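Reader: I have this model open and would love a close look at one part of it, the small sheet. Could you walk me through that part and then show me how the rest of the chain is arranged around the topic?

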Amino acid sequence: MAAAREQNGHGVDGHDSARAAHTHLAYEALKERIASGAVLPGTWLREHTEATSLGLSRTPVREALRLLAAEGVVELVHNRGARVISWSPDDIDEAYRLRALIEGYGAGLAARRAGADAVAELRALQERYERALAEGGTSVASSAQCNDDFHAAVLAASGSARLPALVALVSSAPLVRQVLGGYDDDRRRSVLQHRDIITAIENGDEDLARSAMSSHILAARYSAVHRSH
């Protein structure tokens with residue numbers, strides 16, 4: 001019987017894989033809607049409504065909302081649903097200060113551990129990021145994704161399995177959009193700072209990599225806090 005279920009694609013592994021894929025789909029879709037501003041802070045997200053909108057069952061939507069709650073993007077209220085978090089200036093300030101500590105440490109580790117392939121990937125991601133920024137206002141979402149990918153690659157180069165999870169706990173996708181949706185000066189500064197981070201990692205300079213990443217995130221903090229008022 002078990003063999004028959006596996007052959008027909010309905011075994012436990014197949015079911016779990018499909019469930020995980022649906023949860024990921026719901027998570028990414030909801031996160032993007034919140035990050036883009038299509039869903040504003042304070043908005044209630046109902047499982048049934050979101051499931052219908054996404055063409056999914058309620059279970060993956062429920063699990064996606066739990067993931068977003070763990071990241072601090074929404075808050076779950078018993079018998080009412082999930083509400084998009086409103087970030088105060090103090091919340092944003094704290095999140096960026098914590099990110100600066102964690103990602104600065106990660107960049108230092110990357111300078112110690114990253115090989116030529118990891119550095120090449122960082123350079124490729126940076127080139128993609130700069131192209132997206134050069135395209136102008138129509139590419140804000142693309143720029144944000146490139147920025148996400150760059151920071152994720154630095155954390156991956158650190159060789160730490162814990163750091164990405166820690167960063168996810170203290171930050172959220174909407175914060176990235178607040179910064180990248182800003183002024184061209186912020187974007188030009190971000191490009192130069194990314195280049196400094198890559199140079200430090202490529203040359204194995206842990207102190208410089210840590211300092212460059214921390215300074216990069218703290219500089220973004222000023223913009224994010226200012227725009228939250």
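Author: Happily! Strands β2 (residues 74-77) and β3 (residues 81-84) run antiparallel and are joined by four bridges. This is a predicted model, so please read what follows as a description of a prediction. One pairing to pick out on your screen is that of V77, whose bridge partner in β3 is G81. The two strands form a hairpin with three residues between them, and there N79 takes a positive phi near 65 degrees.

Now add the remaining strand. The open sheet has three strands in the order β1-β3-β2, with antiparallel pairing. Because β1 (44-45) and β2 stand at the edges with a single partner strand each, one side of each has no neighbour in the sheet. As you follow the side chains, it helps to recall that in a regular strand they alternate between the two faces of the sheet.

A helix belongs in this picture too. Helix α4 (residues 58-70) lies across β1, β2 and β3, and its direction makes an angle of about 120 degrees with β2.

Helix α3 (residues 47-54) is worth a pause as well. Its buried residues are E47, E50 and A51. These three span an arc of only 100 degrees around the axis, which places them on the same side of α3. The general rule behind such a pattern is that an α-helix has 3.6 residues a turn, so residues three or four places apart point the same way. On the face of α3 turned away from that buried side you will find the exposed residues H48, T52 and S53. Just after α3 comes G55, with a positive phi of about 70 degrees.

Stepping back, the protein chain holds 11 helices and three strands. From the N terminus on, the elements follow the order α-α-β-α-α-β-β-α-α-α-α-α-α-α. Of the chain's 229 residues, 41% count as buried. Among contacts between residues at least 6 apart in sequence, 76% join residues at least 24 apart.

Where does the largest nonpolar core get its residues? It has 25 of them, and L122, V154, I197 and I201 touch the most other members. At least two residues of this core come from each of α5 (89-113), α6 (116-134), α7 (140-158), α10 (184-202) and α11 (206-228). The most come from α11, which gives seven residues. Apart from this core lies another, of 16 residues, with A26, L56, L68 and A82 among them.

For a closer view of the largest core, try centring on L122. Leaving aside neighbours within four places in sequence, L122 is in contact with F150, A153, V154, I198 and I201.

Let me finish with a residue of α11, namely H226. H226 is exposed, with a relative accessible area of 55%. The C-alpha atoms of H226 and P89 are separated by 7.9 Å, although the two residues lie 137 residues apart along the chain. As for the surface as a whole, the accessible area of the protein chain comes to about 12300 Å², and 53% of this belongs to carbon and sulfur atoms.

Key:
Residues are numbered from 1 along each chain as its sequence is written. This is a predicted model: local features need pLDDT of at least 70, side-chain atom pairs count only at pLDDT 80 or more; totals for chains, interfaces and linings use all residues. Side-chain values use heavy atoms; hydrogens and water are left out. Two strands pair if DSSP finds at least two bridges between them. Buried means under 20% relative accessible area, exposed over 50%, partly exposed in between (1.4 Å probe, protein chains only). Contact means heavy atoms within 4.5 Å. Accessible areas come from the Shrake-Rupley method with a 1.4 Å probe; for residues, only the protein chains shown count as cover. A nonpolar core is a set of buried Ala, Val, Leu, Ile, Met, Phe, Trp, Tyr and Cys residues joined through side-chain atoms within 4.5 Å. The arc is that of the directions from the helix axis to the C-beta atoms. Axes are lines fitted to C-alpha atoms, for helices over the stretch in contact, and angles run from 0 to 180 degrees between N-to-C directions.
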